[in-house]
Amino acid sequence: MAQFVSRSVTGILLLDKPSGISSNRALQQAKRLFGAAKAGHTGSLDPLATGLLPVCFGEATKIAGYLLGARKAYAARCRLGITTDTCDSDGAVLIERAVPALDDAIIRRELAKLTGHITQIPPVSSALKQGGVPLYKRARRGEAVEAPPREVDVYHFDLLERAGDTLRLHIECGSGTYVRSLVRDLGEALGCGAHLTALRRLWVEPFREPHMFTLDELAALREREGVDALVGMLLPIEAGLADWPLLQLDERAADDVAHGRRLQVSADPERYRAHAPSGALLAIGDVDATGTFS
C-alpha cells in the first residue's frame, strides 16, 4: 500500500467494493491511495457484497448523509433450504430443510408480499447499535440479541431466474433495507428457509449508470502516473445532487447566500441546490412555505 500523505482532496469516488472486506476497510484503502485528509462512505455494504460504494472526499463529505438515504438497487443470489446465523453464506448453518415443490408463480407471490412499505427485522449480525455497541459484537460475545423491527421501503423485489434451489433476484429499495433479511423472510414464507450467497449493489441515486473503479485499478493508476492522476477519477460534488431541483442565482442573490443572509425566492417549498452565476455550487438548503431559502 502506498505511503499515506494527507492532502486536501474533494470529490466523489464511485468505488467498486470488492468482496471479503468491510466498507470501512475499503474506504480506508481508497483514502490512503488518494492521500485524502477527510473521507466518508455513503452506506455500508456487508463484507460478502460487491459493487457501488460512493466515497466522499473533503467538502463532498457534507452531502454524504443525503446519499446515505438514497434509493439503491441490488443484484442478489440466494440458496433455498439452508438458514444461517448471519442470513448469508458467511455464517454458520443453523438448519437445513427440504425445498418443497415451488413454481415461479408461488415465489413471485411471496416476493410481492415483501414489496412496498414493510416492517423488517434486521439480522442480529448487523452493524446497528444497541447501547452504543454494534449488534454483531454483542452476538459474538454470546449475548442474547434482538434487533428492533424497522419500517423500510422495497420498491422492487423480482425473480430473474431459478436454477434448482438457487434464485437470482433484483431489488430496489430505500435506505436502511437489509437484503439479507428480505432473503431470510422469503425463505421462511416458502417454508424452507434461505440465505444470501451473493450481493452486488448496482446503483445508488443519482448514480444510475455508474462508472465504478476498483481498488486495484486505482492502485495501478497511481503506480503508473502518480497520485495526482487519481483526481481525474472523481466526480464533483454537484454530481451527487444531480436529481435535486436547481436554484440559479444572480449576482445579488449569490452574494446574499454567500454571506448567510436569508433569500426570498419564487419556488415551491423543497430542498434545493443553489448555483452561482458561474454555474458553481454555492449552497444547499430548503425553501420554506414563505418562500425563504436558508
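User: How many bridges join β15 to strand β16, and do the two run parallel or antiparallel?

Analyst: Count the bridges, then check the direction. In this predicted model, 6 bridges join β15 to β16 (residues 281-287), and the two strands run antiparallel. One pair to look up is A274, which stands opposite A283 in β16.

User: What happens in the hairpin of β15 and β16?

Analyst: The hairpin has 5 residues between the strands. Look at G279 there. Its phi is positive, near 100 degrees.

User: Which other strand is joined to β15, and in which direction does it run?

Analyst: That is β13 (residues 246-248). It runs parallel to β15 (residues 270-275), and 3 bridges join them. To find the register, start at L246, which stands opposite R273 in β15.

User: Now helices. Which residues of helix α7 are buried?

Analyst: Read burial from relative accessible area; under 20% counts as buried. In α7 (residues 251-258), that gives A253, A254, D256 and V257. Next, look down the axis. These residues lie on the same side of α7, because they cover an arc of only 160 degrees around it.

User: What do the buried residues pack against, and what does the face turned away carry?

Analyst: The buried residues of α7 pack against β14 (263-264), β16 and β17 (292-293). So β16 comes up again here: it also pairs with β15. The face turned away from the buried side carries the exposed residues E251, R252 and A258.

User: Which residue caps the N-terminal end of α7, and what follows the helix?

Analyst: For a cap, look for a side-chain atom close to a backbone nitrogen. D250 does this: a side-chain oxygen lies 3.3 Å from the backbone nitrogen of R252. After the helix comes G260, with a positive phi near 80 degrees.

User: How should I read backbone angles elsewhere?

Analyst: Start from the general rule. Most residues other than glycine have a negative phi, and most peptide bonds are trans. Then look for departures. C87 is a residue other than glycine, yet its phi is positive, near 70 degrees. C87 sits in the loop between β5 (82-84) and β6 (93-96).

User: Is C87 buried or exposed?

Analyst: Buried. The relative accessible area of C87 is 8%.

User: Where is the cis peptide bond at P206?

Analyst: The bond runs from E205 to P206, with omega near 5 degrees. P206 lies in the loop between β12 (194-204) and α6 (215-225).

User: How many disulfides are there?

Analyst: Check the sulfur distances; a disulfide needs two cysteine sulfur atoms within 2.5 Å. The count is 0. Take C78: the nearest cysteine sulfur belongs to C192 and is 8.8 Å away. For C173, the nearest is that of C78, 15 Å away.

User: Are C78 and C173 buried or exposed?

Analyst: C78 is buried, at 0% relative accessibility. C173 is buried too, also at 0%.

User: One polar residue to finish. Where is Q120, and which backbone nitrogen lies 2.9 Å from its side chain?

Analyst: Q120 is in strand β7 (residues 116-120). Its relative accessible area is 0%, so Q120 counts as buried. For a buried polar side chain, ask what faces its polar atoms. Here the backbone nitrogen of Y178 lies 2.9 Å from a polar atom of the Q120 side chain.

User: Which residues does Q120 touch?

Analyst: Leave out residues up to four places away in sequence. Q120 then touches P148, P149, R150, V152, G176, T177, Y178, S181 and L182. Y178 thus gives both the contact and the backbone nitrogen.

Technical notes. Residues numbered from 1 in each chain as written. Heavy atoms only, no water. Pairing = 2+ DSSP bridges. Helix = DSSP H or I, 4+ residues; strand = E, 2+ residues; numbered from the N terminus. Buried < 20%, exposed > 50% of the residue type's maximum accessible area, 1.4 Å probe, protein only. Polar contact = N/O pair within 3.5 Å; in protein donor to acceptor, adjacent residues only side chain to side chain. Contact = heavy atoms within 4.5 Å. Arc of directions from axis to C-beta.
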